[in-house]
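Hi,

Here is the structure I promised to pass on. Have a look at it first, and my notes on what turned up follow below.

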Amino acid sequence: MLGPGQKSWKQLEPLPRRLGAELGKSVVYQETNGETRVEIKESVRGQDIFIIQTIPRDVNTAVMELLIMAYALKTACARNIIGVIPYFPYSKQSKMRKRGSIVCKLLASMLAKAGLTHIITMDLHQKEIQGFFSFPVDNLRASPFLLQYIQEEIPNYRNAVIVAKSPDAAKRAQSYAERLRLGLAVIHGEAQCTELDMDDGRHSPPMVKNATVHPGLELPLMMAKEKPPITVVGDVGGRIAIIVDDIIDDVESFVAAAEILKERGAYKIYVMATHGILSAEAPRLIEESSVDEVVVTNTVPHEVQKLQCPKIKTVDISLILSEAIRRIHNGESMAYLFRNITVDD
């Protein structure tokens with residue numbers, strides 16, 4: 001039985017059809033005061049319940065729907081409550097920042113407290129996020145579907161080069177390049193702004209004027225980090241450039257990378273990512289940019305963005321999610337879904 005937690009889950013409608021199952025009877029709505037209400041309309045006692053929850057633009061409402069539905073199923077004596085969350089929200093907030101918090105760990109604790117016993121997700125932003133949970137997490141990979149798209153839908157892909165738009169994405173790009181037997185290029189330099197450049201709390205507390213320092217304590221001074229002029233490590237001249245990443249949200253960095261690759265001689269540019277959040281002005285920026293095509297999976301609803309920008313293409317990953325649901329329900333091994341998958345995928 002499948003319990004949809006969000007009305008905007010249409011991206012994954014093939015799931016119940018593939019499984020030969022019907023959607024469970026439930027009602028999710030907003031009260032006039034903004035509160036979320038969930039009503040389960042049939043008995044779930046002793047059953048395995050899979051809550052399919054995609055994450056639309058209103059992230060916090062989707063999270064509350066998931067928490068309340070899980071708790072409702074828990075109090076209704078469901079045997080196992082499995083969350084199918086293709087894109088896990090707050091995954092970018094998985095590291096400590098200056099006077100910040102690790103919100104992803106907080107969300108993991110809330111899901112466990114609400115009653116979830118298992119999660120199926122896809123391409124977590126950081127693999128270490130699995131350690132935040134006190135119950136099993138199956139982190140599926142979209143790379144087989146994206147690699148298949150490259151081989152079947154990109155003409156003359158043998159003349160392509162896989163590009164990492166920053167050194168942080170180099171491992172993922174290298175994995176794609178090795179599987180496709182293609183070259184690798186990395187963009188590096190001052191135009192890039194990565195998560196590693198953000199304050200992470202190690203400069204806290206701030207220096208205080210006239211502070212007393214122990215006379216024997218002399219710490220070595222750290223040299224300020226300075227990025228070199230922007231460079232493309234690798235040959236992209238006369239080639240198809242395929243930029244790969246896990247999330248494409250604010251697209252400015254991808255657009256800037258595409259401009260650099262055009263200047264270096266790439267004649268066609270693709271951007272491929274698992275999660276196409278495409279916030280704010282992303283469709284317009286993509287349409288006006290040098291990017292020829294943006295390929296994302298349907299882990300996140302983006303029908304509106306596709307209408308605004310015909311360059312956006314979708315790869316369906318419902319097949320692997322439905323197979324994961326079937327195997328978990330039947331108590332079968334998940335190893336087949338991870339065959340030939342590496343840590344860097």
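P89 sits in the loop between β5 and α3. Keep in mind that this is a predicted model. P89 has a relative accessible area of 4%, which is under the 20% cut-off, so the residue counts as buried. Leaving aside residues up to four places away in sequence, P89 touches I55, V59, V63 and L107. If you measure along the chain, P89 and V103 are 14 residues apart, and their C-alpha atoms are separated by 9.7 Å.

Next, the rings. Searching the whole structure gives 2 aromatic pairs. One that may interest you is F88 with F133: this pair is edge-to-face, with 5.4 Å centre to centre and 75° between the planes. It links distant parts of the chain, since F88 belongs to the loop between β5 (80-85) and α3 (103-114), while F133 belongs to the loop between β6 (118-122) and β7 (137-140), 45 residues apart. Are these two buried or exposed? Both F88 and F133 are buried. Ring pairs also bring in F135, making a cluster of F88, F133 and F135.

There are charges over rings as well. K165 has its charged end over the ring of F254, at 4.8 Å from the centre of that ring. R339 lies over the face of Y336, 4.1 Å from the ring centre.

Now for the sheet. It is open, has 7 strands and mixed pairing, and the order reads β10-β9-β8-β11-β12-β13-β14. Why do β10 (231-233) and β14 (312-315) each have one side without a neighbour in the sheet? They stand at the edges and have a single partner strand each, so one side of each is left free of a neighbour there. From one strand to the next, the twist averages 25°.

Within that sheet, β11 (residues 240-248) and β12 (residues 268-276) run parallel and are joined by 8 bridges. To pick out one bridge, D245 has A273 as its partner in β12.

Two helices pack on the sheet, and here is what each one touches. Helix α4 (residues 143-153) touches β11, β12, β13 (293-297) and β14, and its direction makes about 155° with that of β12. Helix α6 (residues 252-263) touches β8 (160-164), β9 (183-188), β10, β11 and β12, and its direction makes about 165° with that of β11.

Helix α5 (residues 170-180) is worth a look too. Which of its residues are buried? They are R172, A173, S175, Y176, A177 and L180. An α-helix has 3.6 residues a turn, so residues three or four places apart point the same way. The cover over the buried residues of α5 includes α4, β8, β9 and β11. Right after α5 comes R181, with a positive phi near 60°.

Finally, some totals for your files. The protein chain has 9 helices and 14 strands. Its length is 345 residues, and 48% of them count as buried. Taking contacts between residues at least 6 apart in sequence, 68% join residues at least 24 apart. The chain exposes about 17,700 Å², and carbon and sulfur atoms supply 53% of that area.

Cheers

Definitions and conventions:
Residues numbered from 1 in each chain as written. Predicted model: local features only at pLDDT ≥ 70, side-chain atom pairs only at ≥ 80, totals over all residues. Heavy atoms only, no water. Pairing = 2+ DSSP bridges. Helix = DSSP H or I, 4+ residues; strand = E, 2+ residues; numbered from the N terminus. Axes fitted to C-alpha atoms, helices over the stretch in contact; angles between N-to-C directions. Contact = heavy atoms within 4.5 Å. Buried < 20%, exposed > 50% of the residue type's maximum accessible area, 1.4 Å probe, protein only. Areas by Shrake-Rupley, 256 points an atom, 1.4 Å probe, with all protein chains shown as cover. Phe/Tyr/Trp six-rings, centres within 6.5 Å; stacked < 30°, edge-to-face > 60°. Lys NZ or Arg CZ within 6 Å of the ring centre and 35° of its normal.
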